[in-house]
Amino acid sequence: MQLPCLHIPPPKTPPPPLYLKFRTSHRENLRYLKAIGIIHPKTNPRNLPSPQTTDYLISTVNFLKSKGIHETDFPRLTFLCPQLFSSNFSISEIELVFDFLTTDLNATAQESRGLIVHCPYILFSDVEYCLKPTVEYLKGLGVEKLNEPSKQKAFLLNTRVDKLKAKIRFLRSIGLRYEEAAMVCARMPAIFGYNVEDNLRPKYEFLVGEMERSLEELKEFPQYFGFSLHKRIEPRHWHLKHRNVRIKLNRMLLGGDDRFYSKWK
């Protein structure tokens with residue numbers, strides 16, 4: 001008897017192993033991390049992070065992006081603060097800093113981004129022992145717009161109170177009352193970034209010694225400290241002195257060289 005012809009379907013193609021899908025995802029993550037500058041494009045394949053580490057890096061990137069950080073910011077963050085993208089880093093280490101910027105500083109996401117990009121080290125400053133005392137001290141002096149996303153304000157926020165006080169002590173040592181010293185700092189916060197012995201004191205000594213100017217003139221124009229002694233203050237002073245001309249500090253120092261030297265020929 002002839003057996004009926006049975007239709008045997010061809011064997012189905014087995015689904016690809018799960019690890020292939022995982023590896024594809026891992027490759028995509030690596031490609032993305034290279035594109036935004038966290039992984040150097042020419043990194044030896046043997047030195048590339050593991051899938052687990054890569055996933056963790058992606059989580060860190062997504063967290064920072066949720067706080068307003070742009071993809072174009074990551075090369076700078078990676079260069080200045082590589083610990084942000086290490087396997088030992090925890091997002092919880094910087095969450096409090098973002099909370100501080102939003103709550104205590106009243107900074108928008110865009111302002112927080114600007115401050116962090118200018119000075120990424122802010123992310124690793126202790127909120128209670130460093131950032132809050134600094135902000136309280138600066139506000140007490142009358143320094144305003146601390147949430148301004150400028151390089152000056154970013155580095156100012158990351159300056160410890162003892163260093164800020166050193167500038168107040170210098171200003172008081174030259175004869176200013178505390179309130180006057182605070183006013184100078186409020187009008188010119190950049191003074192906190194200048195070294196006392198290498199910058200501020202030589203300028204003051206030239207002001208009262210060679211230029212024979214008074215402390216009152218300095219209080220009227222504290223921006224004097226912001227100009228280069230050798231490139232702006234001395235050359236213009238000597239130029240005017242040789243012509244027996246004496247003008248206010250702001251008129252002497254503000255404006256470009258072409259305008260100044262054409263006016264005082």
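The legends below accompany an overall view and several close-up views of a predicted model.

**Figure 1. Overall view of the all-helical chain, with 14 helices and zero strands.**
Read from one end of the sequence to the other, the secondary structure follows the pattern α-α-α-α-α-α-α-α-α-α-α-α-α-α. Along the principal axes, the C-alpha atoms occupy a box of roughly 130 × 45 × 30 Å. The radius of gyration of the chain is 30 Å, whereas a compact globule of 265 residues would have a value near 18 Å. Of the 265 residues, 40% are buried. When contacts between residues at least 6 apart in sequence are considered, 66% of them link residues at least 24 apart.

**Figure 2. Surface and charged side chains of the chain.**
The accessible surface amounts to about 16100 Å². Carbon and sulfur atoms contribute 54% of this area. The chain carries 40 positive and 28 negative side chains. A distance of 7 Å separates the centres of the two sets.

**Figure 3. Close-up of helix H2, residues 51–66.**
This helix contains 16 residues, and the distance from its first C-alpha to its last is 22 Å. That span is close to the 22 Å expected at 1.5 Å a residue. The buried residues of H2 are Thr 54, Leu 57, Ile 58, Thr 60, Val 61, Phe 63 and Leu 64. After H2 comes Gly 68, which has a positive phi near 105°.

**Figure 4. Close-up of Ile 116 in helix H5, residues 109–118.**
Ile 116 has a relative accessible area of 1% and is therefore buried, the cut-off being under 20%. Apart from neighbours within four places in sequence, the contacts of Ile 116 are Ile 69, Leu 77, Phe 98, Leu 101 and Leu 123. His 40 provides a further point of reference: Ile 116 and His 40 are separated by 76 residues in sequence. In space, their C-alpha atoms lie 22 Å apart.

**Figure 5. Close-up of His 237 in helix H12, residues 229–241.**
His 237 counts as buried because its relative accessibility is 9%, below the 20% limit. With neighbours within four places in sequence set aside, His 237 is in contact with Phe 206, Glu 210, Met 211 and Met 252.

**Figure 6. Close-up of Lys 145 in the loop between helices H6 and H7.**
The loop that holds Lys 145 joins H6 (127–141) to H7 (151–157). Most residues other than glycine have a negative phi. Lys 145, although not a glycine, has a positive phi of about 55°. Its relative accessible area is 58%, so Lys 145 is classed as exposed, for which the value must be over 50%.

**Figure 7. Close-up of Asn 244 in the loop between helices H12 and H13.**
Asn 244 is found after H12 and before H13 (249–253). Phi of Asn 244 is positive, near 55°, in a residue other than glycine. Asn 244 counts as exposed because its relative accessibility is 76%, with exposure defined as over 50%.

Notes: Residues numbered from 1 in each chain as written. Predicted model: local features only at pLDDT ≥ 70, side-chain atom pairs only at ≥ 80, totals over all residues. Heavy atoms only, no water. Helix = DSSP H or I, 4+ residues; strand = E, 2+ residues; numbered from the N terminus. Expected span 1.5 Å × (residues − 1). Buried < 20%, exposed > 50% of the residue type's maximum accessible area, 1.4 Å probe, protein only. Contact = heavy atoms within 4.5 Å. Rg over C-alpha atoms; globule rule 2.2 N^0.38 Å. Areas by Shrake-Rupley, 256 points an atom, 1.4 Å probe, with all protein chains shown as cover. Lys, Arg positive; Asp, Glu negative; His and termini not counted. Charge placed at Lys NZ, Arg CZ, Asp CG, Glu CD.
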